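Please find below my notes on the model, set out as numbered points. They begin with a question about charge pairing and then move from the whole chain to its parts.

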Amino acid sequence: MPRVSAAFFTVAILLLLSGMVLGEYMGAKEEFTLAPVHAHMNLLGWASLALYGTFYALTAATLSPRLAWINFTFSTLGVLAMTVTLTLLLTTGNSAVWGPASGAAGGLALLGALTFLICVLRELFRTRA
């Protein structure tokens, strides 16, 4: 397995566990203000990052390590920043500051997804023997 795949899976499982703990906490307190954070941690964090890691593991022989690590950087920073900024947005109500910050974090995650699209298209159209 390529190191980039292992890196994706490491961050993905940490986000899944964090999202699960947050879900347990919200359920125990019956306070669901942070439900969007929980959803982003599990869907963007666990599901997307694990899928990216799986793709790179399956295409290990033909992947572009540079593009894969760019994808990892944008996606990981985006999800982590989005988790923090969305939490601050929901808990402080300061949408003037945390709304744009959360949007910028989402932009990083979007850049990660676009980088992944480039990698997928490279695999789709590569010359095969």
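How far apart are the closest N and O atoms in the salt bridge that Glu 123 forms with Arg 128? The separation in this predicted model is 3.5 Å, where a salt bridge is taken as a side-chain nitrogen of Lys or Arg within 4 Å of a carboxyl oxygen of Asp or Glu.

1. On conventions, this is a predicted model in which local features need pLDDT of at least 70 and side-chain atom pairs count only at pLDDT 80 or more, while totals for chains, interfaces and linings use all residues. Residues are numbered from 1 along each chain as its sequence is written, and side-chain values use heavy atoms, with hydrogens and water left out.

2. As to the overall fold, the chain has 4 helices and 0 strands, these being DSSP runs numbered from the N terminus (H or I, at least four residues, for helices; E, at least two, for strands), and along the sequence they follow the pattern α-α-α-α. The C-alpha atoms fill a box of roughly 55 × 30 × 20 Å along the principal axes. Of the contacts with a separation of 6 or more, 75% join residues 24 or more positions apart, contact meaning heavy atoms within 4.5 Å.

3. Concerning burial and surface, buried residues make up 36% of the 129 residues in the chain; buried means under 20% relative accessible area, exposed over 50%, and partly exposed in between, with a 1.4 Å probe and protein chains only. The chain exposes about 7300 Å², of which carbon and sulfur atoms supply 72%, the areas coming from the Shrake-Rupley method with a 1.4 Å probe, and for residues only the protein chains shown count as cover.

4. Helix α1 covers residues 3–29, and its end C-alpha atoms are 39 Å apart, which agrees with the 39 Å that its 27 residues should span at 1.5 Å a residue; the expected span is 1.5 Å times one less than the number of residues. Its buried residues include Val 4, Phe 8, Val 11, Leu 15, Leu 22 and Met 26, and the cover over the buried residues of α1 includes α2 (35–58) and α3 (65–92). An α-helix has 3.6 residues a turn, so residues three or four places apart point the same way. Ser 18 also lies in α1 but counts as partly exposed, because its relative accessibility is 35%; its C-alpha atom is separated by 7.5 Å from that of Met 41, 23 residues apart along the chain. After α1 comes Glu 30, whose phi is positive, near 50°.

5. The largest nonpolar core has 24 residues, and those with the most contacts inside it are Phe 8, Leu 49 and Tyr 56. Such a core is a set of buried Ala, Val, Leu, Ile, Met, Phe, Trp, Tyr and Cys residues joined through side-chain atoms within 4.5 Å. Each of α1, α2, α3 and α4 (95–125) supplies at least two residues of this core, and the largest share, 8 residues, comes from α1.

6. Leaving aside neighbours within four places in sequence, the contacts of Phe 8 include Leu 49, Tyr 52, Tyr 56, Asn 71 and Phe 72. Asn 71, in helix α3, is buried because its relative accessible area is 0%. With the same neighbours left aside, Asn 71 is in contact with Phe 8, Tyr 52, Tyr 56, Gly 112, Thr 115 and Phe 116.

7. Helix α4 has 31 residues and reaches 43 Å from its first C-alpha to its last, close to the 45 Å expected at 1.5 Å a residue. Its buried residues, among them Ser 102, Ala 105, Gly 112, Phe 116 and Cys 119, pack against α2 and α3. Leu 110, found in helix α4, belongs with Leu 111, Leu 114, Leu 117, Leu 121, Leu 124 and Phe 125 to a nonpolar surface patch with about 690 Å² of accessible area together. Patches are made of residues with over 30% relative accessible area and no salt bridge, like charges being joined within 9 Å and nonpolar side chains (Val, Leu, Ile, Met, Phe, Trp, Tyr) within 5 Å.

8. Returning to the charged groups, a search of the whole structure finds 2 salt bridges. Besides its pairing with Arg 128, Glu 123 forms a salt bridge with Arg 126, the closest N and O atoms being 2.9 Å apart, and the three residues Glu 123, Arg 126 and Arg 128 are thereby linked in a network. Glu 123 is buried, with a relative accessible area of 15%, whereas Arg 126 counts as partly exposed at 31% and Arg 128 is partly exposed at 46%.
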